[in-house]
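Grab a viewer and let's work through a few exercises together. Each one sets a task and then walks through a solution.

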Amino acid sequence: MRGLARLLLVLGLLLGGVAPSLATRIFVTSGTTQTSPLDWNNSNNTVEGIGGGASGAATGAAATNDATGGGGGEYRETSNFAVATPGTTAFTYVIGAGGAQVTGQSAGNNGNNVTFNTSTLIAVGGKAGAVGANPQSGGVGGTGGTGATAHNDGGRGGNSGSVATEATGGGGAGGPAGAGNQGVDGTVLRTGTAGGSGDAGSGGSGGAGATGSGTVTATAGGTAGSVWDGTHNPGGGGGGAESTGGSNNTTTGGAGGLYGGGGGGSATTGSGGSSPTQLSGAGGNGILVLTYTPGGVGTQSLNLLGVGG
């Protein structure tokens, strides 16, 4: 009787259309190709991408120079990507790295694009933080890619004001809920500002800025959020770091959070002793997120029908 009851339950689920259909999610953070899953569903899937965040700038050569944060990576989504033969056809992609950290007196580095199937999806990386006499603009957030289902720009790095010397925070990455928030603009003399949060606040938090004498280190952008899981989210921008002097000091901007957060700027005011060191925050690497409802629902039902007892 129990076996018959289970059979009737399964048939009821199938006929009633309420059989559970669990989505599968794959996070791609490296490599260039992988074979599509055997149960890939061509008519029920999404491919999401976040471009790499840019690094912030660094300065220490002049008391009036500013170093701004890098822009966050763009978010893009496409849906129902079809492969010729699931389980045989390969996905091709590029996971763009975040912009590399810079030192001394230098603009930051751009973040790199994330692509899927060459041009089906392109999530553009953020642009580098700027260095020079104030005021300076923060790095522009990634924008202008492809993937028509959804798109949200990365947040820009904080702009510097007309007062010397400022190091601004990086922009947050865009995400499904919205654009990345911008790094905090500089308005106060010799200050490091905070980074912007990812995905309009649903992603990683912006890193705190840091200001002080001697060695100063800003906080990295956050990675935790409520988007995909506890560790895979649109990243927050790193905080800017400003040192007002001290002997042989090192000033380090906060790194952009994974994934796609912009790095914070780094600035030193004064001599900083015999060998001051300025290190900007690196940008967070990009990511692809593949989500699909497995096509083998019938197989799951068949396994249920085989239960006896």
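**Warm-up: the whole chain**

The protein chain has an accessible surface of about 11800 Å², and carbon and sulfur atoms account for 55% of that. Keep in mind that this is a predicted model.

**Exercise 1.** Work out what the chain is built from, and what share of its residues is buried.

*Solution.* Start with the secondary structure: the protein chain has two helices and 20 strands. Next, burial: of the 309 residues, 50% are buried. Finally, look at how contacts span the sequence: take those between residues at least 6 apart, and 72% of them join residues at least 24 apart.

**Exercise 2.** Find the largest nonpolar core and say which strand gives the most to it.

*Solution.* Step one is the core itself, which has 15 residues. Val47, Phe91, Tyr93, Phe116, Leu288 and Leu290 have the most contacts inside it. Step two is to see where the residues come from: strands E7 (90-94), E8 (114-116), E9 (121-123) and E20 (287-292) each supply at least two. E20 comes out on top, giving three residues. Apart from this core lies another one, with seven residues that include Ile50, Tyr259, Ile287 and Val289.

Such grouping fits a general trend: in soluble globular proteins, nonpolar side chains tend to be buried together.

**Exercise 3.** Zoom in on Phe116: which residues is it in contact with, neighbours within four places in sequence aside?

*Solution.* The partners are Val47, Phe81, Phe91, Thr92, Tyr93, Leu121, Leu288 and Leu290. Now check burial, where the cut-off is under 20% relative accessible area. Phe116 has 1%, so it counts as buried. Phe91, one of those partners, has 2%, so it is buried too.

**Exercise 4.** Classify the Trp40–Tyr292 and Phe91–Phe116 ring pairs as stacked, tilted or edge-to-face.

*Solution.* A search of the whole structure gives five aromatic pairs. For Trp40 and Tyr292, the ring centres are 5.0 Å apart and the planes sit at 50°, so this pair is tilted. The two residues are 252 apart in the chain, with Trp40 in the loop between strand E2 (33-35) and strand E3 (45-50), and Tyr292 in strand E20. Both Trp40 and Tyr292 are buried.

For Phe91 and Phe116, the centres are 5.4 Å apart with planes at 50°, so that pair is tilted as well. Phe91 belongs to strand E7 and Phe116 to strand E8, 25 residues apart.

Last step: join up the ring pairs, and Trp40, Phe81, Phe91, Phe116 and Tyr292 link into a cluster.

Definitions and conventions
Residues are numbered from 1 along each chain as its sequence is written. This is a predicted model: local features need pLDDT of at least 70, side-chain atom pairs count only at pLDDT 80 or more; totals for chains, interfaces and linings use all residues. Side-chain values use heavy atoms; hydrogens and water are left out. A nonpolar core is a set of buried Ala, Val, Leu, Ile, Met, Phe, Trp, Tyr and Cys residues joined through side-chain atoms within 4.5 Å. Buried means under 20% relative accessible area, exposed over 50%, partly exposed in between (1.4 Å probe, protein chains only). Helices (H or I, at least four residues) and strands (E, at least two) are DSSP runs, numbered from the N terminus. Contact means heavy atoms within 4.5 Å. Rings of Phe, Tyr and Trp (its six-membered ring) pair if their centres lie within 6.5 Å; planes under 30 degrees apart count as stacked, over 60 as edge-to-face and the rest as tilted. Accessible areas come from the Shrake-Rupley method with a 1.4 Å probe; for residues, only the protein chains shown count as cover.
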